[in-house]
Amino acid sequence: MAGRATPLVLTLASGSPRRRALLEALFATRSSEALGFPLKVVPPRVEEAGEDLPQDPRELALALARRKGEEVPGEWVLAADTVVDLDGQVLGKPRDRVENHLFLRLLSGRTHLVHTAIYLRTPQDLVVEVHTTRVRFRNLSEEEIAWYVQSGEGLDKAGGYGAQGLGMALLEGIEGDFYTVVGLPVARVFALLWERGFRP
């Protein structure tokens, strides 16, 4: 698309270093670009808790992704939110190591769902959808849980673990898109952008 008067800019409405890294790894020609165009990161100021938010985990992910996207200006804006769903109970980011330990004890030996909602605003339209992956944890010993909690890795992650880091040692199986668990279904995002003309 040479000769374009105004370069396209993809704005990522997120404070997540993982989502930024995924976009850069997939789309970048340089670390500051997406599909050959500038990638702008704007962390939205959005409360992730409140009585006005849905209690249903899927609906919560959708509501938070929409809030994040609507908070940030731009023609091409991408936002996402990830919610861990254990039998309908939302496990958010643990407040401290004690809660992180509790979350891992609850998840141990069990299967849960991870919902990642995406919000993509383009000059043509708006896409808001949710993707779900099923994750099964191994049976964890108290010693293993303590080891992981001590690492601090899970404190800023939904459910209190990171599937792409040390948390990979906790998992027994994944049914669905691994990157939905990490926080961004990159293949779907790529396809949505490409179909709408956001390409080199």
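# A buried helix residue and its surroundings

T180 is buried, with a relative accessible area of 1%, where buried means under 20%, exposed means over 50% and partly exposed covers the range in between, as found with a 1.4 Å probe and with protein chains only. The structure is a predicted model, so that local features are given where pLDDT is at least 70 and side-chain atom pairs where it is 80 or more, while totals for chains, interfaces and linings use all residues. Residues are numbered from 1 along each chain as its sequence is written, and side-chain values use heavy atoms, with hydrogens and water left out.

T180 lies in helix α5, which covers residues 178–182; helices (H or I, at least four residues) and strands (E, at least two residues) are DSSP runs, numbered from the N terminus. Leaving out residues up to four places away in sequence, T180 touches T82, V114, T116, H131, T132, T133 and P185, a contact being heavy atoms within 4.5 Å.

## The whole protein

The protein has 6 helices and 8 strands, and along the sequence they follow the pattern β-α-β-β-α-β-β-α-β-β-α-β-α-α. Its radius of gyration is 17 Å, which agrees with the value near 16 Å that a compact globule of 200 residues would have; the radius is taken over C-alpha atoms, and the globule rule is 2.2 Å times the number of residues to the power 0.38. The C-alpha trace spans about 60 × 35 × 25 Å along its principal axes. Of the 200 residues, 49% are buried, and among contacts between residues at least 6 apart in sequence, 70% join residues at least 24 apart.

## Helix α3 and the loop after it

Helix α3 runs over residues 97–107, and E99, N100, H101, F103, L104 and L107 are buried within it. These buried residues pack against β4 (76–86), β5 (89–91), β6 (111–121), β7 (126–137) and α4 (142–151). At the N-terminal end of α3, D96 acts as the cap, with a side-chain oxygen 3.2 Å from the backbone nitrogen of V98. This is a polar contact, that is, a pair of N or O atoms within 3.5 Å in which, within protein, one must be able to donate a hydrogen and the other to accept it, and for which residues adjacent in sequence count only if both atoms are side-chain atoms.

Just after α3, G109 takes a positive phi of about 75 degrees. S108, in the loop between α3 and β6, is in contact with F137, R138, N139 and L140, its neighbours within four places in sequence left aside. By the same kind of count, E144 in helix α4 touches R138 and N139, while the C-alpha atoms of E144 and P44, 100 residues apart along the chain, are separated by 35 Å.

## Strands β4, β6, β7 and β8

Strands β6 and β7 pair in the antiparallel sense over 11 bridges, two strands being paired if DSSP finds at least two bridges between them. They form a hairpin with 4 residues between them, and the bridge partner of Y119 in β7 is V128. Strand β7 also pairs with β8 (residues 171–175), in the antiparallel sense over 4 bridges, and there F137 stands opposite L171 of β8.

A79 is found in strand β4, and its C-alpha atom is 5.0 Å from that of Y119, although the two residues are 40 apart along the chain. Not counting residues up to four places away in sequence, A79 touches A13, A65, K68, G69, A117, I118 and Y119.

## Aromatic pairs

Rings of Phe, Tyr and Trp (its six-membered ring) pair if their centres lie within 6.5 Å, and planes under 30 degrees apart count as stacked, over 60 as edge-to-face and the rest as tilted. By this rule there are 5 aromatic pairs. One of them joins W76 and F198 edge-to-face, at 5.1 Å centre to centre with 65 degrees between the planes. W76 lies in strand β4 and F198 in the segment after α6 (186–195), so the pair ties together parts that are 122 residues apart in sequence.

## Relative accessible areas

| Residue | Relative accessible area | Class |
|---|---|---|
| A79 | 0% | buried |
| W76 | 4% | buried |
| F198 | 0% | buried |
| S108 | 16% | buried |
| E144 | 26% | partly exposed |
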